[in-house]
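Notebook open, coffee poured. I want to look at the pockets first and then at one of the helices.

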Amino acid sequence: MGTSFIGHSVQRSVLQQQIASSKSAGSYLVYGLTGFGKNYLVTNVISEVLCQVEGGPCNECSDCHWLAQNSHPDVYRLPADTSLTVEMSRAINDFARTSAVGASGHKCIIIERADTMTSEASNAL
């Protein structure tokens, strides 16, 4: 992860070890107070996972370019100002079932405010 990243040293260390050993979990829950860098942490982890260069992000490969433009076909992001509905949960499931486009073979789903989803949407996931 980028050298300009400050804080979350324990979390970064655990995630880096898991990524390096190819033993990352199927999903992670990142939570905490607003403004503490959760989104930045997640963005950095995703950049490292999806980059085509080992030890990335390289900021040169097509995956890094897609990420920089917020248009990576293997990343599904539900912004904080969007409430997760049953229909969106089904769309996320459909997204997860398709093959990855990028070289890493990984897909990433980011639900910025999972606490806003309804019980029905949660069950649909």
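**Pockets, then H4**

I started with the largest pocket: 50 residues line it, and Tyr28, Val30, Val42, Val45 and Ile46 lie nearest its centre. Note to self: this is a predicted model. The space in that pocket comes to about 1900 Å³.

Next I looked up which elements build the lining. Helix H1 (9-20), helix H2 (38-50) and S2 each put in at least two residues. H2 gives the most, with eight residues. I also sorted the lining of the largest pocket by character and got 24 nonpolar, 18 polar and eight charged residues.

Then I moved to the second largest pocket, with about 350 Å³ of space. Of its 17 lining residues, Thr43, Ser47, Leu67, Ala68 and Asn70 are the closest to the centre. H2 turns up here too, since it, helix H3 (62-68) and S1 each supply at least two residues of this lining. The split for the second largest pocket is nine nonpolar, seven polar and one charged.

Last stop was helix H4 (residues 86-97). Does its length add up, or what span should I expect from 12 residues? At 1.5 Å a residue H4 should span 16 Å, and its end C-alpha atoms are 17 Å apart, so the two agree.

I then checked which H4 residues are buried, and found Val86, Ser89, Ile92, Asn93 and Phe95. I jotted down a reminder about spacing: an α-helix has 3.6 residues a turn, so residues three or four places apart point the same way. As for what covers the buried residues of H4, the list includes strand S1 (75-78), strand S2 (108-111) and helix H5 (119-124).

How values were computed
Residues numbered from 1 in each chain as written. Predicted model: local features only at pLDDT ≥ 70, side-chain atom pairs only at ≥ 80, totals over all residues. Heavy atoms only, no water. Helix = DSSP H or I, 4+ residues; strand = E, 2+ residues; numbered from the N terminus. Expected span 1.5 Å × (residues − 1). Buried < 20%, exposed > 50% of the residue type's maximum accessible area, 1.4 Å probe, protein only. Contact = heavy atoms within 4.5 Å. 1 Å grid on protein atoms, 1.4 Å probe; cavity = no way out; pocket = protein on both sides within 12 Å on 5 of 7 lines; lining within 4 Å. Points joined across faces, edges and corners; volume = space filled by probe spheres on them. Nonpolar A, V, L, I, M, F, W, Y, C, P; charged D, E, K, R; others polar.
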